[in-house]
Amino acid sequence: QVQLVESGGGLVQAGGSLRLSCAASGRTFSVYDMAWFRQAPGKEREFAAGDRWSGKSTYYADSVKGRFTISRDNAKNTVYLQMSSLKPEDTAVYYCAAGLGSYSAASYNYWGQGTQVTVSS
């Protein structure tokens, strides 16, 4: 079992930045692929950014590429999502996930409770 707890969400103006954190506990964190998904009101959960446990690749949804950066600190069992140039359409609940790694939510076995990000225009 892996327990994930997100933090760092909040209200920010368009063009601003936020850094989300996801602290993991339980089984060895470093062997999992990690990802951030998001879900806006009335919409399905969508992939935002992923990081492979091998440390050799990160990948992003086109909608966030160039603005968001995913990173991890295995010593701290924490994964981060640095978000810049935020837009109102980035408003969503952001979820951290651990699993086998892909763009599909079905590939991830463990999920956090989510943290709200609201971007005002």
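Modeller: The radius of gyration is taken over C-alpha atoms, and the globule rule is 2.2 Å times the number of residues to the power 0.38. The model discussed here is a predicted one.

Biologist: How do you know whether the radius of gyration of the protein chain agrees with that of a compact globule?

Modeller: The rule puts a compact globule of 121 residues near 14 Å, and the protein chain has 13 Å, so the two agree. The C-alpha trace spans about 40 × 25 × 25 Å along its principal axes. Buried residues account for 45% of the 121 residues. The accessible surface is about 6100 Å², and 48% of that belongs to carbon and sulfur atoms.

Biologist: What share of the contacts with a separation of 6 or more comes from residues 24 or more positions apart?

Modeller: The share is 56%.

Biologist: What makes up the secondary structure of the protein chain?

Modeller: The count is 0 helices and 11 strands. Read from the N terminus, the elements run β-β-β-β-β-β-β-β-β-β-β.

Biologist: What makes cysteine 22 and cysteine 96 a disulfide?

Modeller: The cut-off is a pair of cysteine sulfur atoms within 2.5 Å. The S to S distance between cysteine 22 and cysteine 96 is 2.1 Å, so the pair meets the definition. By this rule the count is 1 disulfide. Cysteine 22 sits in strand β3 (residues 18-26) and cysteine 96 in strand β9 (residues 92-99); the two are 74 residues apart, and the pair links distant parts of the chain.

Biologist: Why is the disulfide of cysteine 22 and cysteine 96 called left-handed?

Modeller: The torsion about the S-S bond is about -80°, so this disulfide is left-handed.

Biologist: How do you know whether cysteine 22 and cysteine 96 are buried or exposed?

Modeller: Buried means under 20% relative accessible area. Cysteine 22 has 0% and is therefore buried. Cysteine 96 also comes to 0% relative accessibility, so it counts as buried.

Biologist: What is the order of the strands in the open sheet of 4 strands?

Modeller: The order is β1-β3-β8-β7, with antiparallel pairing. Neighbouring strands of this sheet are turned by 15° against each other on average, direction ignored.

Biologist: Which strands are called edge strands, and what makes them so?

Modeller: They are β1 (2-7) and β7 (68-73), each of which pairs on one side only.

Biologist: How many bridges join β1 to β3, β3 to β8 and β7 to β8?

Modeller: Pairing needs at least two bridges. β1 and β3 have 6, β3 and β8 have 6, and β7 and β8 have 6, so each of these pairs satisfies the rule. Between β1 and β3, glutamine 3 has serine 25 as its bridge partner, and leucine 4 has alanine 24. From β3 to β8, alanine 23 is partnered with threonine 78. From β7 to β8, isoleucine 70 is partnered with leucine 81.

Biologist: Which side chains of β1 point to one face and which to the other?

Modeller: Val2, Leu4 and Glu6 point to one face and are buried. Gln3, Val5 and Ser7 point to the other face and are not buried.

Biologist: What is the phi of asparagine 77, and what is that of serine 85?

Modeller: Asparagine 77 has a positive phi of about 55° although it is not a glycine. Serine 85, likewise a residue other than glycine, has a positive phi near 50°. Asparagine 77 lies in the loop between β7 and β8, whereas serine 85 lies in the loop between β8 and β9.

Biologist: Why are asparagine 77 and serine 85 called partly exposed?

Modeller: Partly exposed covers the range between under 20%, which is buried, and over 50%, which is exposed. Asparagine 77 has 27% relative accessible area and is therefore partly exposed. Serine 85 has 41%, so it is partly exposed as well.

Biologist: Where does serine 107 lie, and what is in contact with it?

Modeller: Serine 107 is in the loop between β9 and β10 (108-111). Its relative accessible area is 21%, so it counts as partly exposed. Contact requires heavy atoms within 4.5 Å. Leaving aside neighbours within four places in sequence, serine 107 is in contact with Gly99, Leu100, Gly101 and Ser102. From serine 107 to arginine 38 the C-alpha to C-alpha distance is 15 Å, with their positions 69 residues apart in sequence.

Definitions and conventions: Residues are numbered from 1 along each chain as its sequence is written. This is a predicted model: local features need pLDDT of at least 70, side-chain atom pairs count only at pLDDT 80 or more; totals for chains, interfaces and linings use all residues. Side-chain values use heavy atoms; hydrogens and water are left out. Buried means under 20% relative accessible area, exposed over 50%, partly exposed in between (1.4 Å probe, protein chains only). Axes are lines fitted to C-alpha atoms, for helices over the stretch in contact, and angles run from 0 to 180 degrees between N-to-C directions. Accessible areas come from the Shrake-Rupley method with a 1.4 Å probe; for residues, only the protein chains shown count as cover.
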